[in-house]
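Visitor: Could you take me through one part of this structure slowly, and then show me what else can be set beside it? I am new to this, so please go step by step.

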Amino acid sequence: MKALVLTAYKQLEIQDVPVPEPGAGEILVRVKACGICGSDVHGFDGSTGRRRPPIIMGHEASGVVAKIGDGVTQFRPGDRVTFDSTIYCGRCEFCRQGRINLCDNRRVLGVSCAEYRQDGAFAEYVVVPEHIAYRLPDNVSFEQAALIEPLSVALHAVDRGDLRLGETALIIGGGMIGSLIVQLLKVAGASYIVVLEPDRFRQELARRAGATAVFSPNESWQEELSKVTEGKRVTLVFDAVGIDETVRTAVETVEKGGRVVLVGNLAPQTTLPLQAVVTRELTLLGSCASQGDYPRCLDLLAREIVTVDSLISAVAPLEEGPYWFDQLYHRRQPLLKVILQP
């Protein structure tokens, strides 16, 4: 089969590799669509340390079941499916609690780090365990289903934030996750949803998603915030970036006693304004991946409560993968989600 292989940092090649064989409890999926995640772009140059060559990346995918392994009962060849990016064991203490994203034996598709190597879905075929796969509703396309993974990340973050009806929320970062959080907060009943985003292309996406107001961090936006929210204070902040500046902004902006959900983690370490967190009694909440949220996400898409079509910037064949990674990495044009079709 053909696969897009990260052969060295900043070097991608289309290679012929063996078709994987499904083992017991596994299914072989003929990949129809796979999105390029921001983590793939950041892993492309080795900065995250979680994409060690050689590796087939890709974890935002959908396709058709081509073959099933021994013991598989939920799927048959021809079924349209998507699958979680997290491969969890189902046996450890965290899995038994339903906190599968914290699984002690967790693996992530398309990731290669010191602990494991797990080839992903930038290929014609990929093998995944049956228990992480989900059947697609008839009215959800393969391309739309490739965005279930980022939607599940956004949904888990909103769950972590525990929005109360009528609250005012600030989202720092208007990219894929930020725009999806906007839609979910609107559905959940936030009164005011404000987005902080410097890029004009992403600012417009946030507005389309339903943001009450969108500001650039380069402007004096604090002066306008109270006017936009009619004096209501920000009690919930989502940081979908994760660098020193955004963590500091989140802590400084949220009201006393408020909550800050940390979703993005572009920087492995940041400086925390500790005294402000303590004296203002803030709650900091980490949000990692998702927690079995795919069925809810599929339902939201099928009922068109959440829409993702406007977030798809380009759909291209797998062979064009090196070109689109270059475009995304160097930001040569305004793009959000690029989907590759093996």
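Guide: Let us begin with Ile 312, keeping in mind that this is a predicted model. Once its neighbours within four places in sequence are left aside, Ile 312 is in contact with Glu 143, Leu 147, Lys 337 and Ile 339. Ile 312 itself belongs to strand E19, which covers residues 312–317. Measuring along the chain and through space gives two separate views of one pair, for Ile 312 and Val 338 lie 26 residues apart in sequence, while their C-alpha atoms are 6.2 Å apart in space.

From there we can turn to a pair of helices, H4 (residues 148–161) and H10 (residues 294–302), whose axes come within 9 Å and cross at roughly 110 degrees. Because angles of 65 to 115 degrees count as roughly perpendicular, H4 is described as roughly perpendicular to H10. On the H4 side of this meeting are Ile 148, Glu 149, Leu 151, Ser 152, Leu 155 and Asp 159, and on the H10 side are Tyr 294, Arg 296, Cys 297, Leu 298 and Leu 301. Sorted by character, the residues of this contact comprise seven nonpolar, one polar and three charged.

Finally, there is an open sheet of three strands, arranged in the order E2-E1-E4 with antiparallel pairing. Its edge strands are E2 (11–16) and E4 (55–56), each of which pairs on one side only. Strand E1, made of residues 2–8, pairs with E4 in the antiparallel sense over two bridges, and Val 5 stands opposite Ile 56 in E4.

Definitions and conventions
Residues numbered from 1 in each chain as written. Predicted model: local features only at pLDDT ≥ 70, side-chain atom pairs only at ≥ 80, totals over all residues. Heavy atoms only, no water. Axes fitted to C-alpha atoms, helices over the stretch in contact; angles between N-to-C directions. Helix = DSSP H or I, 4+ residues; strand = E, 2+ residues; numbered from the N terminus. Parallel < 35°, antiparallel > 145°, perpendicular 65-115°, else oblique. Contact = heavy atoms within 4.5 Å. Nonpolar A, V, L, I, M, F, W, Y, C, P; charged D, E, K, R; others polar. Pairing = 2+ DSSP bridges.
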